[in-house]
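Student: I would like to go through this structure step by step. Please show the sequence and the coordinates before we start.

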Amino acid sequence: MERLKVEHLSYSYVPGGKKVLKDITFRVGVGESLGIIGLNGSGKTTLSYCLCGIIPHYFKGVMAGRVLVNGKDTRKTPLSELASMIGIVLQDPNVQILMPTVEDDLAFALENYNVPREEIKKRLELVMELVGITAIKDENPNNLSGGEKQLVALASVLALDPSVIVFDESLSMLDELAAKRIIAVMQKLKQQGTTLVVIDHTAKGLEVYDKVFVLEEGRVIRRGPKEQLLQDKLFLNKHKIFF
Ligand SMILES: Nc1ncnc2c1ncn2[C@@H]1O[C@H](COP(=O)(O)OP(=O)(O)O)[C@@H](O)[C@H]1O
Ligand SMILES: [Mg+2]
């Protein structure tokens, strides 16, 4: 089954205003990963908000078309239910970190979902192991490096066990080494069948992508296997895409 289905999606933040997304259609399957590349202002963050339901539940603009996660229409599914199916990792991990220790931070969302204590403990052990942050579980997240914070933000998304994860420029604030650690986790998630949508304008996550879309002014202007795109130097130069 398709994990993520986007059908003729268009969006404006204000009624009658500029269309920020224009007639976007695509599907991503189980264990498949899609890379979305686009310049600043091309609509990447708006698209990621639509994928995880922040649009239309939080932003009240005008959305046309639909987004289905595991067959469920985001428009008709409450955010709390969507959050356990599709997670989002943002560019700046600081906004996703809320509690005084790494472990408390990870437990926070699960406690809100009334997951039993024993179950929380088990899940967190697994997630911290997967992401490689077990050794820093008692640290204050504010004292960690940017890369470690991003791993904690990713772990807090993974704790909810979503089948789809969206990374919105999650690598762009990280140095090479920290980005490599996140990419290694992305690879593991893929092997476990998690569906990934990785939004970035750099080459950092390239090895993870199965297919790549190029977004320009709210439109998908190019789609296909990444090898094809990489060979098309003319297109890459024309659209200022540099790897
Ligand atoms: N909250 C908002 N209200 C109105 N317009 C917005 C808002 N957020 C983004 N936009 C506009 O939508 C367009 C796409 O922005 P965005 O999705 O953030 O692109 P990207 O993530 O690719 O940089 C831009 O023109 C931006 O000014
Ligand atoms: Mg953005």
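**Overall size and fold**

Student: What radius of gyration does the protein chain have, set against that of a compact globule?
Tutor: The radius of gyration is taken over C-alpha atoms, and the globule rule is 2.2 Å times the number of residues to the power 0.38. With 243 residues, that rule gives a value near 18 Å, and the protein chain agrees with it, at 18 Å.

Student: What kind of model is this, and how are its parts numbered?
Tutor: Residues are numbered from 1 along each chain as its sequence is written, while chains are lettered from A and ligands numbered from 1 in the order in which they are written. Local features need pLDDT of at least 70, side-chain atom pairs count only at pLDDT 80 or more, and totals for chains, interfaces and linings use all residues, since this is a predicted model.

Student: How many helices and strands are there in the protein chain?
Tutor: Helices (H or I, at least four residues) and strands (E, at least two) are DSSP runs, numbered from the N terminus. On that basis the protein chain has 9 helices and 10 strands.

Student: What percentage of the residues of the protein chain count as buried?
Tutor: A residue is buried if 20 or more other C-beta atoms lie within 10 Å of its own, exposed if 12 or fewer, and partly exposed in between; the C-beta atoms are placed from the backbone. Of the 243 residues, the buried share is 40%.

**Helices 5, 6 and 7**

Student: What end-to-end distance does helix 5 have, and what is expected?
Tutor: The expected span of a helix is 1.5 Å times one less than its number of residues. For the 15 residues of helix 5 (residues 117-131) this gives 21 Å, and the end C-alpha atoms agree, being 21 Å apart.

Student: Which residues of helix 5 are buried, and within what arc do they fall?
Tutor: The buried residues are Leu124, Val127, Met128 and Val131. The arc is that of the directions from the helix axis to the C-beta atoms. Seen down the axis of helix 5, these residues line one face, because they fall within an arc of 95°.

Student: Which residues are exposed on the other side of helix 5, and what covers its buried residues?
Tutor: Glu118, Glu119, Lys122 and Glu129 are exposed on that other side. Contact here means that two residues have C-beta atoms, placed from the backbone, within 7 Å. The cover over the buried residues includes helix 4, helix 6 and helix 7.

Student: How many residues of helix 6 are buried?
Tutor: The buried residues of helix 6 pack against strand 6 (86-89), helix 4, helix 5, strand 7 and helix 7. Helix 6 is mostly covered, and of its 13 residues the number buried is 12.

Student: Where do the buried residues of helix 7 lie around its axis?
Tutor: In helix 7, Ala179, Ile182, Met186 and Leu189 are buried. They cover an arc of only 75° around the axis, so they lie on the same side of helix 7.

Student: Which residues are exposed on the other side of helix 7?
Tutor: The cover over the buried residues of helix 7 includes helix 6 (146-158), strand 7 (164-168) and strand 8 (195-199). On the other side of helix 7, the exposed residues are Glu176, Leu177 and Gln191.

**Ligand and backbone**

Student: Which helix gives the most residues to the shell around ligand 1?
Tutor: A residue is near a molecule if its C-beta atom, placed from the backbone, lies within 6 Å of it. The residues around ligand 1 include Gly41, Ser42, Gly43, Lys44, Thr45 and Thr46. With 3 residues, the helix that gives the most is helix 1 (residues 44-52).

Student: Which peptide bond is cis, with omega near 15°?
Tutor: Pro56 is found in helix 2 (residues 54-57). The cis bond is the one from Ile55 to Pro56.

Student: Is Asn70, with its positive phi, buried or partly exposed?
Tutor: Asn70 has a phi of about 50° although it is not a glycine. Asn70 lies in the loop between strand 4 (62-69) and strand 5 (72-73). With 17 other C-beta atoms within 10 Å, Asn70 is partly exposed.
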